[in-house]
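Trainee: I would like to learn how to read a protein model step by step, beginning with the strands and ending with the ligand. Could you take my questions one at a time?

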Amino acid sequence: MLFNPRCFDGSKTEGERDGELGAHQQRQEEISKLPVEMGWRNFPFRLYHGFWFHEPHLNGVISLRRNFCRPAPSDLFLVTFPKSGTTWLKALAFAIANRSSGHHINSGHRSILSRHPQDCSPYLEGFYAGPHVPNLDAMPSPRQLGTHMPYSLLPESLRDEGSPGRIIYLCREPKDTLVSTVHFINTMGSEQSSIAAGPISMDQAAELFCKGLSPYGPVWEHQLEYWRESQRRPDKLLFLKYEDLMAEPAANVRKLANFIGRPFSPEEESCGMVAEIVELCCFEKLSGLEVNKAGVRGKEIGVTVNNSSFFRKGKVGDWREHLSPEMAEKVDVITRDKLRGTGLSHSPEPPAPHADQGGEMP
Ligand code: A3P
């Protein structure tokens, strides 16, 4: 998480700080009364307004809803269901927004090579997780702010008809999201010794995922809330798919740049800026950088996550290597059922290669 000390600048009075501490404790009490389920390596999950949250995230989720002030017109919210390509989206949005006009060697987009994409925009729930409310006004504009919040739980000031902030949502096929989540959670460490007993198996995880019980789950409702809003207000919410970004990166980078308000100029087009940004932010490039291989994060919510865990394979259709045909079918049936008639679909992937063509069967 990008830690901007100016957001916690201590300019509050003692009374204000005591008030915030009291509100924090009240939220903890509120959380302790919510329905709880264990799963995913004994991490406690709580059900809050129809979505499941890993308990340590929830104070930040509630605080963000209640304490976030009005967005600025230049604010850009980068939203995903966890493990849907947040890291990639953050890198691309950062590179697009920070390039200098013209094409000179010190253009800001190249600084993505020296910072973890997760540090390019704060993870808001983590930012609000502590007892004291951050002062986001201390962040320079234009701000890029990351969150996994379901649309219905975003601060009201951002959902208002007249809200000036804009949202980019990146959506991923549920089976690949599930597989990515399992690998990620199995690499997580925890400060609580009762947790992290051992890895969760793919079958156990798939059962929980199908019940909606996964971080910020159910995935289908999460995607649909943003999908519907993108249909209603396309100028406010850009809905992208991981698979489309993979298939047609240049076209989608242009779409992102237009939405961000930094379209590529003819000069940039002719000198290959689009291709350069695609290349800078591709999986192979980012996963090989030292800054993305070393270090840990997550301490503010009592977990440890290796910076390298945000990069695993970066492939479409990797579920074939990990899910049994029965589990895959179970997820697909729910996906078809939930998305029917909504206009949102996860395009069929190319068929798996046959064994006699040299391919591996799952
Ligand atoms: P896999 O586990 O399937 O490899 P998030 O960033 O939301 O946590 O999502 C992580 C997923 O995005 C992981 O998927 C990770 O490998 C993939 N990813 C990270 N950076 C990427 C990039 N630059 N291009 C494509 N995929 C990327």
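Trainee: In which sense do strand β2 and β3 pair, antiparallel or parallel, and over how many bridges?

Mentor: Keep in mind from the start that this is a predicted model. β2 and β3 form a hairpin with two residues between them, and H49 in the turn has a positive phi of about 50°. One pair to look for is R46 with its bridge partner F53 in β3. Strand β2 (residues 43-48) and β3 pair over four bridges, and the sense is antiparallel.

Trainee: Which residues of strand β3 point one way, and which point the other way?

Mentor: Strand β3 covers residues 51-54, and its four side chains F51, W52, F53 and H54 are all buried. F51 and F53 point one way, while the other way is taken by W52 and H54.

Trainee: Turning to another strand, what is the bridge partner of I168 in β8?

Mentor: Strand β8 (residues 237-241) is mostly covered, with five of its five residues buried. Both of its faces are covered, since L237, F239 and K241 lie on one side and L238 and L240 on the other, and all are buried. Strand β6 (residues 166-171) pairs with β8 in the parallel sense over five bridges. Within β8, the bridge partner of I168 is L238.

Trainee: Is Q144 buried or exposed, and what is its relative accessible area?

Mentor: Q144 lies in strand β5, and, not counting residues up to four places away in sequence, Q144 touches L76, L78, K90, A93, F94, A97, S121 and P122. Buried means under 20% relative accessible area. Q144 falls under that cut-off and therefore counts as buried, with a relative accessible area of 10%.

Trainee: Which backbone oxygen does the side chain of Q144 reach at 3.1 Å?

Mentor: Start with K90, which is 54 residues from Q144 along the chain, although their C-alpha atoms are separated by 8.4 Å. A polar atom of the Q144 side chain also lies 3.5 Å from the backbone nitrogen of F94. The backbone oxygen that the side chain of Q144 reaches at 3.1 Å is that of A93.

Trainee: Where is H148 found, and what is its relative accessible area?

Mentor: H148 is found in the loop between β5 (144-147) and α5 (156-159). Leaving aside neighbours within four places in sequence, H148 is in contact with T80, F81, P82, T86, Y123, E125, Y216 and H222. H148 counts as buried because its relative accessible area is under 20%; the value is 13%.

Trainee: Which residue has the backbone oxygen that the side chain of T177 reaches at 2.9 Å?

Mentor: T177 has its place in helix α6 (residues 174-186) and is buried, with a relative accessible area of 0%. Beyond its neighbours within four places in sequence, T177 is in contact with F81, P82, K83, S84 and R172. The backbone oxygen reached at 2.9 Å belongs to E173.

Trainee: How many Å apart in space are Q231 and G343, C-alpha to C-alpha?

Mentor: Q231 lies in helix α8 (residues 219-232) and is partly exposed, with a relative accessible area of 49%. In sequence, Q231 and G343 are 112 residues apart. In space, C-alpha to C-alpha, the separation is 9.4 Å.

Trainee: Now for the ligand, which helix gives the most to the shell around it?

Mentor: The shell has nine nonpolar, six polar and four charged residues. Of the 19 residues around the ligand, K83, T86, T87, S180 and K313 come nearest. α3 (86-98), α9 (242-247) and α13 (283-287) each supply at least two residues of this shell. The helix that gives the most, with three residues, is α3.

Trainee: How much of the accessible area that the ligand has on its own does the protein cover?

Mentor: Begin with the polar atoms, where a backbone N or O atom of S84 lies 3.1 Å from an oxygen atom of the ligand. A nitrogen atom of the ligand is 2.7 Å from an N or O atom in the side chain of Y242, and a backbone N or O atom of C281 lies 2.9 Å from a nitrogen atom of the ligand. Of the 560 Å² of accessible area that the ligand has on its own, the protein covers 98%.

Conventions
Residues numbered from 1 in each chain as written. Predicted model: local features only at pLDDT ≥ 70, side-chain atom pairs only at ≥ 80, totals over all residues. Heavy atoms only, no water. Buried < 20%, exposed > 50% of the residue type's maximum accessible area, 1.4 Å probe, protein only. Contact = heavy atoms within 4.5 Å. Near = heavy atom within 4 Å. Polar contact = N/O pair within 3.5 Å; in protein donor to acceptor, adjacent residues only side chain to side chain. Areas by Shrake-Rupley, 256 points an atom, 1.4 Å probe, with all protein chains shown as cover. Nonpolar A, V, L, I, M, F, W, Y, C, P; charged D, E, K, R; others polar. Pairing = 2+ DSSP bridges.
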